[in-house]
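Me: Could you walk me through one part of this protein in some detail, ideally a sheet and whatever packs on it? I'd like to see how that part is put together, and then a little of what surrounds it.

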Amino acid sequence: MQLSKLPLSTFKEVPAEAEVISHQLMLRSGMIRRLAAGLFTWMPLGLRVLRKIEQVVREEMDLIGALEVSMPAIQPAELWRETGRWDQYGSLLLRMNDRHDREFCFGPTHEEVMTDIARRELQSYRQLPVTWYQIQTKFRDEIRPRFGVMRAREFVMKDAYSFHLDQASLDKTYNDMADAYTRIFTRLGLTFRSVEADSGEIGGSASREFHVLAESGEDAIAYCDGDDFAVNLELAPAPQPATPRAVPSQPMAVAETPGAKSIDQVCESLDVPPEQCLKTLLVEGAGEELVALVLRGDHELNSLKAERLPAVATPLELASAERIQAALGMPAGFIGPVGLGISVHVDHAAGASADFVCGANQADQHLTGVNWGRDLPEPETVDLRNVVPGDSSPGGGGAITIARGIEVGHIFQLGEKYSRAMGATVLNQEGKEQTLLMGCYGIGVSRIVAAAIEQNHDDDGIVWPEPVSPFQVILVALNTGKSDQVGTTADALYRDLEGMNIEVLYDNRVARAGVKFADADLLGIPHRLTIGERGLGKGVVEYRYRRTGESREIALDSILDFITDTLAQPAA
């Protein structure tokens, strides 16, 4: 493609509405253009990246025997009412009526439609297992769409659905799909982790997420490379302390702490580290009483773990200061477990603390030198906290690392959740009707584009992983208006590269060298060839590798062999 024939507009300035780097760079490089909130037009360069990702996904789906279909984006309300999701899905569902006043929605996902296909098309166990998939535009009416295509209202998704007669068959397809996802993200040149996850609104039992690691990720994941342990942070089990609790060495005493309601304020007031303090969080109980959750001051409460306690109300709700005062006659901010008089649940690490500091249940006072078994009952501890870097992996492979991740894929075992609600059955080997088991498997195709940029960029622009770059090579011709030889040589090299099926973007615009180099860096194409009058005088072409910035001169008569060999090498 010749840049002179592409109406490409690039910008130096960061667009005001772009909050994350991928949104900024996709707008600056002309990959996308905003139509309305959460709605984007994919321009030629952006669409090339999107199509490359789609192709890798399609090849890996076909490899495991999944069958491609194309389902309508608009779905009738009656299917969603069969599963109860017409009301459950809430405001994310874009609803509409046709001219006959029949209700429809713009599909955010296709479980109902696919289950309807299955109950119509599948009659016998001999037709199982079967997996159908599509790559299609979805719509979710986000309240506040943000981060560009990362959280857009309209997006491209690969969704696949499998149907089975028994759990063993579902397990096999689920594992095959996990392997396929691993190959997809590896082929795309991304650093990622596969993690155990919560099934969320989709429902079902087993669930696994795939995250591209990036500092801007919305999710925190805990992993250990030593034993392949990786889970969403909210599901990571915290280890019990490896060493026995220290013997008490201090008497319990009251300390004046005026206005010190937070852990940081208490630490500053009493000159103690946060791990020596215990914080007591009061939450609404399953009954009418409040429930106390006790953690170390340097640890954070894990809401999912807390909600698993029978005594705790779901969803988790922290008690307000007014509620605490009315129920216990105590001031919020100075609550502690000593003599509290309600149900107390203590985290493992908090239960291993000795000579600790905690609230005194009196305004502007804390207790120091507090010890379990002496000043208050010995606790039966539970896991209440988020893991932290350095915690030991449950697999025994070493220390846990915490990283931010962008979710780009999610696979579920749905079981009978949708098939039973919609009456999707087949005749089994005994000739009896049996409800189908189901799995679903999603990949955010358009989100991968943004995730790849979040993981691969520098101060000058995008640094594409080679498998998803819109072009393999950018050919830059300098000062063609002043040198016929430069233009003639560059034109010939462009034709030769295209003839060798190398994807090349030819910058033959009439523009300054600085503009061309800045755009080349912004666009992030891995390999740059520059032809200029000075280089031709020496019979060389300048080659520059975008990822490292390394430059070198290559003889003009060997440049085709060089670039062919370079493209054949594994990406650095």
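Reply: Happy to! Let's start with a pair of strands: β26 and β27 run parallel and are joined by four bridges. Please keep in mind that this is a predicted model. One of the pairings to find on screen is Ile 474 with its bridge partner Leu 505 in β27. As background, strands of a sheet pair through backbone hydrogen bonds, either parallel or antiparallel.

Now step back to the whole sheet. It is open and has five strands, in the order β27-β26-β28-β29-β30, with mixed pairing. Its edges are β27 and β30 (551-555), each of which pairs on one side only. From one strand to the next, the twist averages 25°. At the β30 end, β29 (residues 540-545) pairs with β30 in the antiparallel sense, over five bridges. There, Arg 544 has Ser 551 of β30 as its bridge partner.

β26 deserves a closer look. Five of its five residues are buried, so this strand is largely enclosed by the rest of the structure. In a regular strand, the side chains alternate between the two faces of the sheet. You can follow this in β26: Val 473, Leu 475 and Ala 477 point one way, while Ile 474 and Val 476 point the other way, and all of them are buried.

What covers the sheet here? Helix α13 lies across β26, β27 and β28, and runs at about 165° to β27. This helix covers residues 484-499, 16 residues in total, and spans 23 Å from its first C-alpha to its last, close to the 22 Å expected at 1.5 Å a residue. Its buried residues are Val 486, Gly 487, Thr 489, Ala 490, Leu 493, Tyr 494 and Leu 497. Looking down the axis of α13, you find these buried residues within an arc of 165°, so they line one face of the helix. The face turned away from that buried side carries the exposed residues Asp 484, Thr 488, Arg 495 and Gly 499. If you color the helix by burial, those two sets are the ones to compare.

The partners of the buried face of α13 are both strands and helices. Its buried residues pack against the strands β26 (473-477), β27 (504-507) and β28 (527-531), and also against the helices α15 (533-538) and α16 (559-568). After α13 comes Asn 501, which has a positive phi, near 60°.

For context, here is the rest of the chain. It has 16 helices and 30 strands, and its C-alpha atoms fill a box of roughly 90 × 70 × 50 Å along the principal axes. Of its 572 residues, 51% are buried. Among contacts between residues at least 6 apart in sequence, 68% join residues at least 24 apart.

In soluble globular proteins, nonpolar side chains tend to be buried together. The largest nonpolar core of this model has 55 residues, and Tyr 181 and Phe 185 have the most contacts inside it. Helix α6 (residues 167-187) gives the most to this core, with eight residues. Beyond its neighbours within four places in sequence, Phe 185 is in contact with Leu 190, Phe 192, Phe 210, Val 408, Gly 409, Ile 443 and Ile 448. Another core lies apart from this one; it has 27 residues, among them Met 114, Trp 132, Leu 165 and Tyr 418.

One of those contacts of Phe 185, Ile 448, is also among the buried residues of α12. Helix α12 (residues 445-455) is mostly covered, with 10 of its 11 residues buried. Its buried set includes nonpolar residues such as Val 449 and Ile 453, but also Ser 446, Arg 447 and Glu 454.

Finally, a few backbone details are worth a click. The peptide bond from Leu 128 to Pro 129 is cis, with omega near -5°, and Pro 129 sits in the loop between α5 (111-121) and β7 (130-139). Another cis peptide bond joins Thr 314 and Pro 315, with omega about 0°. Phe 147 is not a glycine, yet it has a positive phi of about 65°; it is buried, with a relative accessible area of 14%. Asp 355 also has a positive phi, near 50°, and is buried at a relative accessible area of 9%.

How values were computed
Residues numbered from 1 in each chain as written. Predicted model: local features only at pLDDT ≥ 70, side-chain atom pairs only at ≥ 80, totals over all residues. Heavy atoms only, no water. Expected span 1.5 Å × (residues − 1). Buried < 20%, exposed > 50% of the residue type's maximum accessible area, 1.4 Å probe, protein only. Arc of directions from axis to C-beta. Contact = heavy atoms within 4.5 Å. Core = buried A, V, L, I, M, F, W, Y, C linked by side-chain atoms within 4.5 Å. Pairing = 2+ DSSP bridges. Axes fitted to C-alpha atoms, helices over the stretch in contact; angles between N-to-C directions.
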